[in-house]
Structures are given as C-alpha cells and as structure tokens.
Amino acid sequence: MPTPSQTVGPFFGFALRFAGDADAVPSTTGGALRFEGQVLDGAGEPVADSLVEVWQGEQFARSRTDAEGAFHFTVRKPSALRLSDGRVRAPHLNVTVFARGLLRHLATFIYFPDEADSNQADPVLERLEPAVRETLIARRDGEILRFDIRLQGENETAFFAI
C-alpha cells in the first residue's frame with residue numbers, strides 16, 4: 001500500500017549549499033547574465049527558505065531564497081534546441097522550485113525577453129494564452145534580468161507536469 005504524500009521542506013540550506021552554487025558561470029564570463037527574482041505566495045508575500053534550481057545543457061545553478069523570498073543566479077543564455085520533429089525551442093532555462101507546503105516540486109521555464117521571434121514560435125509558449133505566456137518571460141531591469149515566481153493567485157507562474 002502506498003504511503004501518503006508529505007509536503008516538501010523545510011530545507012536545510014546549510015546542507016544544500018556548495019561553492020558557487022548560484023553561479024552556473026563566473027560573473028566575469030563573456031555573455032554572463034545575472035537573474036534576480038522572488039518566490040511569492042498567493043497573497044504576494046515572500047516565500048522564505050525555498051530553493052530555486054535552473055539548468056540547461058551543462059549549466060546548473062541553485063539559490064536558496066532569503067527572508068524576502070529573493071534568489072539570484074548567473075548563467076549564459078543557452079542556444080535554441082532543435083526537437084526530434086524539427087521544431088525549435090527558443091532559448092530558455094529549466095526551473096525547479098522547492099518550497100515548504102508543496103506536495104511536489106514545481107517545474108517551469110524562463111525565456112529571454114530579447115528573443116521575441118523565437119519565443120513566438122516556441123512550441124511550449126504557443127500553447128499558452130498570452131497572459132500566461134508572459135509569466136515565463138524574464139524582463140530586463142537595468143543590467144539584470146528579473147524573473148519572479150508566483151506560486152498561485154494573480155499572475156501565477158505557469159507550471160508544467162514533467
């Protein structure tokens with residue numbers, strides 16, 4: 001008989017950290033991009049002590065949120081991906097969110113704001129309503145890219161069963 005699900009967390013950030021965990025590439029690397037964001041609950045309140053992981057290809061970064069729900073990481077923009085059926089996925093990062101109160105981790109994507117044509121033709125984004133699609137596209141904020149993760153409520157980030 002299967003055992004019942006339990007919520008994920010709390011996370012013991014001191015045990016999950018590793019040197020350079022938030023940096024898939026050093027910030028001095030050519031083409032390095034810094035992402036900053038917050039994990040927010042349905043009321044728009046920060047979710048402290050959650051964990052956000054991003055990866056694509058050989059890049060991997062992990063950031064624990066602070067008391068303000070803030071996270072950051074440094075990556076390079078990945079290339080577009082050609083699928084086996086010939087379609088092309090726009091450059092994006094895979095994202096996994098772990099947070100207290102979730103029964104399972106959440107999976108989503110971050111797309112780049114300077115890839116409007118590629119984003120328009122992306123086979124994942126094209127299946128979403130325009131307002132939902134916007135929840136997956138980072139926005140430029142000076143020298144950084146901003147991507148907030150809203151777990152529920154107004155402007156909830158689109159999550160995927162993967």
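1. First, a definition: "buried" here means under 20% relative accessible area, "exposed" means over 50%, and "partly exposed" is in between (1.4 Å probe, protein chains only). By that cut-off, strand 8 is covered on both faces, with Leu106, Thr108 and Ile110 buried on one side and Ala107, Phe109 and Tyr111 buried on the other. Put as a count, 6 of the 6 residues of strand 8 are buried.

2. A word on what we're looking at. This is a predicted model, in which local features need pLDDT of at least 70 and side-chain atom pairs count only at pLDDT 80 or more, while totals for chains, interfaces and linings use all residues. Residues are numbered from 1 along each chain as its sequence is written, and side-chain values use heavy atoms, with hydrogens and water left out.

3. The general layout: the protein has 3 helices and 11 strands. Helices (H or I, at least four residues) and strands (E, at least two) are DSSP runs, numbered from the N terminus. Going along the sequence, the pattern reads α-β-β-β-β-β-β-β-β-α-α-β-β-β. Of the 162 residues, 43% are buried. For contacts (heavy atoms within 4.5 Å) with a separation of 6 or more, 60% come from residues 24 or more positions apart.

4. Now the sheet that strand 8 belongs to. Strands pair if DSSP finds at least two bridges between them. An open sheet of 4 strands has the order 3-2-7-8, paired antiparallel. Strand 3 (59-64) and strand 8 are its edge strands, each pairing on one side only. From one strand to the next the twist averages 20°, taken from axes that are lines fitted to C-alpha atoms (for helices over the stretch in contact), with angles from 0 to 180 degrees between N-to-C directions.

5. Walking across that sheet, strand 2 is joined to strand 3 by 6 antiparallel bridges. Glutamine 56 has glutamine 59 of strand 3 as its bridge partner. The hairpin made by these two strands has 2 residues between the strands, and glycine 57 takes a positive phi near 60° there. Strand 2 is itself mostly covered, with 5 of its 6 residues buried. On to strand 7: strand 2 pairs with strand 7 antiparallel over 5 bridges, and valine 52 stands opposite valine 97 of strand 7. Strand 7 and strand 8 are also antiparallel, over 6 bridges. In that pairing valine 95 faces threonine 108 of strand 8, and threonine 96 has alanine 107 of strand 8 as its bridge partner.

6. What fills the inside? The largest nonpolar core has 23 residues, and Phe35, Phe73, Ile110 and Ile149 have the most contacts inside it. (A nonpolar core is a set of buried Ala, Val, Leu, Ile, Met, Phe, Trp, Tyr and Cys residues joined through side-chain atoms within 4.5 Å.) Strand 1 (32-40), strand 2 (51-56), strand 4 (70-76), strand 7 (92-98) and strand 8 each supply at least two residues of this core. Another core, of 9 residues, lies apart from it and has Phe109, Leu128, Ile137 and Ala158 among its members. As for isoleucine 149, leaving out residues up to four places away in sequence, its contacts include Val52, Val95 and Val97, along with Phe71 and Phe159.

7. The aromatics deserve a look. Rings of Phe, Tyr and Trp (its six-membered ring) pair if their centres lie within 6.5 Å; planes under 30 degrees apart count as stacked, over 60 as edge-to-face and the rest as tilted. There are 5 aromatic pairs by this rule. One of them, phenylalanine 35 with phenylalanine 112, is edge-to-face at 5.8 Å centre to centre and 75° between the planes. Phenylalanine 35 sits in strand 1 and phenylalanine 112 in the loop between strand 8 and helix 2, so the pair ties together parts 77 residues apart in sequence. Both phenylalanines, 35 and 112, are buried. Phe35, Phe71, Phe73 and Phe112 form one aromatic cluster.

8. Finally, two acidic residues in loops: are they buried or exposed? Glutamate 115, between strand 8 and helix 2 (116-121), counts as buried because its relative accessibility is 18%. Beyond its neighbours within four places in sequence, glutamate 115 contacts Lys77 and Pro91. Aspartate 21, in the loop between helix 1 (13-16) and strand 1, is buried too, at 10% relative accessible area. With residues up to four places away not counted, aspartate 21 touches Ala61 and Arg62.
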